[in-house]
Amino acid sequence: MPYFLPKTSHNIRQYLSDVEDRIAPEFAARHDQIMATSESHFGMLKERVGGASKEVENWSKSAVEGIERGTGLKVGDVVRRGQEAAGKVRNELEAKVPAEGTKMEKVGYVVEQRPVAELVRPVAAAPASAPAKSAPASPAPAAPSAPAAAPKAAPAAPSTPSAPAA
């Protein structure tokens with residue numbers, strides 16, 4: 001629910017927390033302690049995963065060196081070229097991401113029976129003498145081009161012959 005209704009979820013969580021503090025203060029204190037402990041454990045988990053990725057990187061380097069020594073193949077060159085290509089692509093993508101605090105303008109909406117997302121793009125810095133552009137108005141829903149057809153009647157159920165009277 002927080003993903004789809006973040007403000008509503010926050011308000012509900014805040015209300016329930018206030019009720020918990022008023023009705024069961026001992027439980028609320030224990031709940032806060034559990035949440036703090038969970039947060040610190042999650043932080044430690046992130047650190048360990050980061051350390052594990054370094055260990056995997058070191059292991060892969062030693063494996064490549066072992067293959068090169070054992071077979072004479074230049075596997076390290078191929079791996080290095082692949083890493084360089086991936087690094088170039090990563091740098092290109094990072095260059096396309098707008099800087100934090102860049103002014104954005106609305107360019108459209110993603111709609112599924114109701115708007116679910118805004119499409120935005122960075123706004124080019126306007127010269128000092130030019131007036132600022134306002135965001136375009138949201139598009140009006142398209143009017144139907146032809147009158148709606150009357151709903152079709154459901155087909156009648158096939159009649160069953162009645163059993164002969166005895």
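## A tyrosine on the surface

Y15 is exposed, with a relative accessible area of 52%. Exposed means over 50%, buried under 20%, and partly exposed in between (1.4 Å probe, protein chains only). Y15 sits in helix α1, which covers residues 6–23.

Y15 has partners. Together with I12 and L16, Y15 makes a nonpolar patch on the surface. The accessible area of the three adds up to about 310 Å². (Areas come from the Shrake-Rupley method with a 1.4 Å probe, and for residues only the protein chains shown count as cover. Patch residues have over 30% relative accessible area and no salt bridge; nonpolar side chains, Val, Leu, Ile, Met, Phe, Trp or Tyr, are joined within 5 Å, and like charges within 9 Å.)

## The model and its numbering

This is a predicted model: local features need pLDDT of at least 70, side-chain atom pairs need pLDDT 80 or more, and totals for chains, interfaces and linings use all residues. Residues are numbered from 1 along each chain as its sequence is written, and side-chain values use heavy atoms, without hydrogens or water.

## The chain as a whole

The chain contains three helices and two strands. Read from the N terminus, the order is α-α-α-β-β. (Both are DSSP runs numbered from the N terminus: helices are H or I with at least four residues, strands E with at least two.) The chain has 166 residues, and 6% of them are buried.

D32 belongs to helix α2. D32 is partly exposed, at 43% relative accessibility. How far apart are the C-alpha atoms of D32 and S17? They are separated by 9.7 Å, with the two positions 15 residues apart along the chain.

## Salt bridges

The whole structure holds four salt bridges. (A salt bridge is a side-chain nitrogen of Lys or Arg within 4 Å of a carboxyl oxygen of Asp or Glu.) Side chains of opposite charge can pair when their charged atoms come close. Take K61 and E57: their closest N and O atoms are 3.8 Å apart. Both lie in helix α2, four residues apart, or about one turn of the helix. K61 is partly exposed at 48% relative accessibility. E57 is also partly exposed, at 39%.

Now look at helix α3. D77 and R80 meet in a salt bridge at 3.5 Å, N to O. They are three residues apart in this helix, about one turn. R80 also pairs with E84, with closest N and O atoms 3.2 Å apart. E84 and R80 are four residues apart in helix α3, again about one turn. So which residues are linked in a network of salt bridges? D77, R80 and E84 are. Each is partly exposed: D77 at 28%, R80 at 38% and E84 at 42%.

## The second largest pocket

The second largest pocket holds about 190 Å³ of space. Its lining comes from α2 (25–71) and α3 (75–96), the elements that give two or more residues each. (On a 1 Å grid over the protein atoms alone, a pocket is an open set of points where a 1.4 Å probe fits, with protein on both sides within 12 Å along at least five of seven lines; lining residues have an atom within 4 Å of a point. The volume is the space filled by probe spheres on the points, which are joined across faces, edges and corners.)

The lining residues are E57, S60, K61, V64, G76, V79, R80 and Q83. By class, two are nonpolar, three polar and three charged. (Ala, Val, Leu, Ile, Met, Phe, Trp, Tyr, Cys and Pro count as nonpolar; Asp, Glu, Lys and Arg as charged; the others, Gly among them, as polar.) Some names return here. E57 and K61, which line the pocket, form a salt bridge with each other. R80 is in the lining too, and belongs to the network with D77 and E84.
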